[in-house]
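User: I would like to go through this model term by term, and to hear what each label rests on.

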Amino acid sequence: MSLSCRILRRGFVPYLEGELRPGRAGRLERHLAGCGECRTLIERVRAGHEAGRRFGRLSADLPPRFPAFEELAAGRPARRGLRPAVAVPALVSVAAALAAILVISGGDSPLRSRDSAAASRDVKADGAFTPLAIREFATNSRNRIVTEGYVHNVYYDKEERTLHIKLAEGPRDTEPFVICEIRDASGLTIPREGSRIRVYGTARFDAQPGRGWHEVNPVMEIAVLNR
Amino acid sequence: MARIVPGDRDKGLILAARRGDEEAFREIYRTYREPVWSVILSLIGDPLQAQDILQTVFFKAFRGLAGFRFRSALFTWIYRIACNECRNHLRRRAVPAVPLEDILGSRYEADDEQGPDRPRTRTDALKSAVLALPFKMREVVVLRYQEDLSYEEMSRVLGCPPGTIASRLNRALVELESQIRRIEGCP
């Protein structure tokens, strides 16, 4: 493939759509007349382009209904039995929380910050997330919480394919603890063991045969308070 | 999919959201949930997973609005989040492929030569062909033909130059043609 082939091929789709300027279209046609490889290729691109256009005309399979803000704000549960990457209620409540937080903090959202600025802010100012000490999980009835503690260890659960952080109250404590389950680590700072962190998310109790512990699941945000 | 017309309205919504106007968040969600859903569903193929990803996309979009710099249109920015989320999702879900015959034995094919997942209609075949494309190719096909984005807009969504988009689209269309022939059983 020559350099001119490579350059002219970029114009195949605009050419097929009639969007190539006359000068470039003429140059492409002259090239096609003398280049069998490009002629073969443009026919395959043409077939793919037609398929693409048919694909574009298909009506979208919309979900039965989109979650409405009003319903979500009322705390109606998300789809049951499905993995809540970020639960639907959280979507809206986070929007509402963001609204409040953005006003409180003048645009510097604690959901966004991952630095020492977060450490200096009282968690109680975060409004939408109830501050909760790790020892208080046993008696907690709130859904969205923010908690703080020391990272005891970080491990990957192969079975659940999620990242877990075991969080304890003191730097050398092993009890009480809470397991913070990260389903989507993109955009999150994964803390080092021994660091103190603040975790935003949903409080749950994970009861399984042979074990039972309190969780923050899913974790929505992590602020590293000290490394 | 109808094109979204970005502009001052989006800017106003973003500024209002930053001021804490909850209605602005709602309006952004109402405006973009349908096109974002369509992109995610076409990239992932599974409605249940798509719903999870949709929630994550809007969560991240709302979280990131405070840092939005108006260097791109809101819809290209949200599409970018959606494409990244789909890519991350598929990466996390990636499992080594094991041929079905290895699990069920060689009689499996003889029992059902049609195969259980053979598309029933041409529409199904088309969707299957798009889903069978490598992810980067699928992205450009979906954004170009379903969402009707220009090369410039795709370039912003995917974070690569328009020339790269053009080359990738060529390769994607050639591959799409091959996939359709394969699915429809043509030699």
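**Labels and their criteria**

User: Why is B:F70 called exposed?

Analyst: B:F70 has 11 C-beta neighbours inside 10 Å. A residue is exposed if 12 or fewer other C-beta atoms lie within 10 Å of its own, buried if there are 20 or more, and partly exposed in between, with C-beta atoms placed from the backbone. The count of 11 therefore puts B:F70 in the exposed class. This is a predicted model, in which local features need pLDDT of at least 70 and side-chain atom pairs count only at pLDDT 80 or more, while totals for chains, interfaces and linings use all residues. Residues are numbered from 1 along each chain as its sequence is written, and chains are lettered from A and ligands numbered from 1 in the order in which they are written.

User: What makes the backbone of B:F70 worth listing?

Analyst: Its phi is near 60°, a positive value in a residue other than glycine. B:F70 lies in the loop between α3 (47–64) and α4 (74–93) of chain B. Helix and strand names here stand for DSSP runs numbered from the N terminus: helices are H or I over at least four residues, strands are E over at least two.

User: Where is B:D148, and why is B:D148 called exposed?

Analyst: B:D148 is in the loop between α8 (135–146) and α9 (151–158) of chain B. There are 12 other C-beta atoms within 10 Å of B:D148, which is why it counts as exposed. Its phi is also positive, near 60°, and B:D148 is not a glycine.

User: How do you know that there is a kink in α2 of chain B?

Analyst: The bend at a residue is the angle between axes fitted to the seven residues ending there and the seven starting there. At B:Y32, in helix α2 (residues 22–44) of chain B, there is a kink of about 45°, shortly before the proline B:P35. After α2(B) comes B:G45, with a positive phi near 90°.

User: What does the largest nonpolar core consist of?

Analyst: A nonpolar core is a set of buried Ala, Val, Leu, Ile, Met, Phe, Trp, Tyr and Cys residues joined through C-beta atoms within 7 Å. The largest one has 65 residues; those touching the most other members are B:V36, B:I40, B:V57, B:I78, B:A82, B:V141 and B:L176. Its largest share, twelve residues, is supplied by α2(B). Another core, of 23 residues, lies apart from it, with A:F129, A:V146, A:L167 and A:V216 among its members. In soluble globular proteins, nonpolar side chains tend to be buried together.

User: Which residues does B:V141 touch?

Analyst: Two residues are in contact if their C-beta atoms, placed from the backbone, lie within 7 Å. Leaving out residues up to four places away in sequence, B:V141 touches A:G52, A:F55, B:V130, B:L133, B:A172 and B:L176.

User: What makes β2 and β3 of chain A a pair?

Analyst: Strands pair if DSSP finds at least two bridges between them. β2(A) and β3(A) are antiparallel and joined by seven bridges, so the criterion is met. A:D157 is opposite A:T162, and A:Y156 has A:L163 as its bridge partner. Four residues separate the strands of this hairpin, where A:R161 has a positive phi near 55°.

User: How do you know that β1 of chain A also pairs with β2?

Analyst: Two bridges join β1 (residues 130–131) to β2 (residues 144–157), and the strands run parallel; two is the minimum, so they count as a pair. In β2(A), A:V146 stands opposite A:P131. β3(A) is also joined to strand β4 (residues 177–182) of chain A, antiparallel, by six bridges, with A:H164 opposite A:E181.

User: Why is the bond before A:P176 called cis?

Analyst: The peptide bond from A:E175 to A:P176 has omega near -15°. A:P176 is in the loop between β3 and β4 of chain A. The bond from A:N217 to A:P218 is cis too, with omega near 0°, and A:P218 is in strand β6 (residues 211–226) of chain A.

User: Where is confidence lowest and highest among the elements of chain A?

Analyst: pLDDT is the predictor's confidence in each residue, from 0 to 100. Helix α7 (residues 116–119) has the lowest mean, 34, and helix α4 (residues 36–57) the highest, 94. Over residues 71–92 of chain A pLDDT stays under 50, and over residues 99–126 it is below 50 as well. The mean for chain A is 73, with 68% of residues at 70 or more.
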